[in-house]
Amino acid sequence: MSSKRVLVTGGLGFIGSHTVVALQQEGFEVVIIDNLSNSSIDVLGGITKITGKTPEYENIDLRDKNAVKDFFEEYQDIEDVIHFAASKAVGESVTNPLLYYENNISSLVYLLHELNKRPGSNFIFSSSCTVYGQADELPITENAPVKKAESPYGNTKQIGEEIIFDTCKTNQEFKAIALRYFNPIGAHPTAEIGELPIGTPQNLIPYITQTAIGKRDELSVFGDDYPTQDGTAIRDYIHVMDLAEAHVKALQRLLAEKEKANFEVFNLGTGTGNSVLEVIRSFEKVSEQELPYKIVGRREGDITAAYADTTKANDELGWKAERSLDDALASAWKWQKIVKKKEEEEEN
Ligand code: WQD
């Protein structure tokens, strides 16, 4: 339990909103900053329905250095930040790299600049397993080498970690944890919040659920000629609620000053890899309906396989993913049906 307010940037986004719920349920007071560029104000109501508490909310664009400065002048008590706000579409980052470098890097620098003035501040950074590229060894540990990013999006995560590392090196009073997510999927079991992809989903699970609900004709499976058991690529799909709970554990670690260094990195996955075809079979089982799909060529930049070695997070954070692939897919499907129902109500 903590009386201090925690700032969650991007707190109306997919992972951010689920983390706000988990924080509130642990007794934290939350302030959200979100510019609604990839989320909806309705998510605030969804959070409130789940926890009974409406977080404070500020519509600020973190690329506006003065707005960030004004925020911290107003919120003098905030010294704990979980930073989700960033652009995250791999494909878009390739076609519009400067948008990604400006949004993902400038906002990070302006936040750190303010926090650096507050001794004892704690910073949790939303990073990604994409920094490993195709790892040489599986499962992937935090000691695996960071490889040249396949996309500007991935590069912003690598650069972000380096900026934080350098900040921690020059200021021992500043403590940070980078959490490298594998593949976040699913939705809160109440289906009050979930993933809201804008336009055509780039990620596998929202594309599957939109196909199953009839919004898309069929899923394209990007390649079945990978050197894997069934030829399709393998990922570590982690339920977004498990991911959210890991953020609370990371914050509690810093607040309890249990960190071993003032910059730490943790892989957040289940430790199990599943192929695209295995995900399809699991979805068909939980939804009790056949999923139309076709095999097409590989997607540019995709790797064969990635799944986490979760030992460090298990031992140091006292956290372990508890939910299964079936649980995550069932929650994603429940959420997709609610989204469709709401869309139909809005049309009528
Ligand atoms: C998963 C698998 C595809 C769509 C990326 C980012 C990562 C994070 C999550 C932001 C792959 C296959 C997908 C489709 C398919 N991003 N696929 N048909 O690429 O592992 O990770 O998104 O937080 O940082 O790197 O996730 O869901 O796009 O793909 O066959 O229509 O599904 O080839 O094997 P990915 P994904």
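Helices are taken here as DSSP runs of at least four residues and strands as DSSP runs of at least two, both numbered from the N terminus. With that in hand, a good place to start in this predicted model is E288, which sits in the loop between helix 9 (276–287) and strand 13 (293–296). The phi angle of E288 is near 55°, a positive value in a residue other than glycine. E288 has a relative accessible area of 74% and is therefore exposed, since the cut-off for that class is over 50%.

A191 also has a positive phi, near 60°, and it too is a residue other than glycine. A191 is found in the loop between strand 7 (183–185) and helix 7 (204–212). Its surroundings can be read from its accessibility: at 3%, A191 counts as buried, because the limit for that class is under 20%. Another backbone feature worth a look is the peptide bond between L138 and P139, which is cis, with omega at about -5°. P139 belongs to the loop between strand 5 (122–128) and helix 6 (152–170).

Attention now turns to the strands near the start of the numbering. Strand 1 (residues 5–9) and strand 2 run parallel to each other and are paired through five bridges. Within this pairing, L7 has V31 of strand 2 as its bridge partner. Between the two strands the chain passes through helix 1 (residues 14–25), and the resulting β-α-β crossover is right-handed. Strand 2 is also joined to strand 3 (residues 56–58), again in the parallel sense, by three bridges. Here I33 is matched with E58 of strand 3 as its bridge partner. Helix 2 (residues 42–51), together with strand 2 and strand 3, completes a right-handed β-α-β unit. How enclosed is strand 2 (residues 29–33) by the rest of the structure? Four of its five residues are buried, so strand 2 is largely enclosed.

Further along the chain, N267 is a residue of strand 11 (residues 263–268). N267 has a relative accessible area of 0% and so is buried. The C-alpha atom of N267 is separated by 10 Å from that of N143, although the two residues are 124 apart along the chain.

The ligand brings several parts of the chain into one picture. Its surroundings comprise 19 residues, of which S128, L204, S220, R235 and D302 come nearest. In terms of residue type, this shell divides into nine nonpolar, six polar and four charged residues. Which element supplies the largest share of the shell? Strand 8 (residues 219–222) does, with four residues.

Polar side-chain atoms also approach oxygen atoms of the ligand. For D302, the distance from a polar side-chain atom to a ligand oxygen is 2.5 Å. For R299, a polar side-chain atom is 2.8 Å from an oxygen atom of the ligand. In the case of N183, an N or O atom of the side chain is 3.0 Å from a ligand oxygen. Taken alone, the ligand would expose 680 Å², and 91% of that is buried by the protein.

Note on methods: Residues are numbered from 1 along each chain as its sequence is written. This is a predicted model: local features need pLDDT of at least 70, side-chain atom pairs count only at pLDDT 80 or more; totals for chains, interfaces and linings use all residues. Side-chain values use heavy atoms; hydrogens and water are left out. A residue is near a molecule or strand if one of its heavy atoms lies within 4 Å of it. A polar contact is a pair of N or O atoms within 3.5 Å; within protein, one must be able to donate a hydrogen and the other to accept it, and residues adjacent in sequence count only if both atoms are side-chain atoms. Accessible areas come from the Shrake-Rupley method with a 1.4 Å probe; for residues, only the protein chains shown count as cover. Ala, Val, Leu, Ile, Met, Phe, Trp, Tyr, Cys and Pro count as nonpolar, Asp, Glu, Lys and Arg as charged, and the others, Gly among them, as polar. Buried means under 20% relative accessible area, exposed over 50%, partly exposed in between (1.4 Å probe, protein chains only). Two strands pair if DSSP finds at least two bridges between them. A crossover is right-handed if, with the strands pointing away from the viewer, the path from the first strand over the helix to the second runs clockwise.
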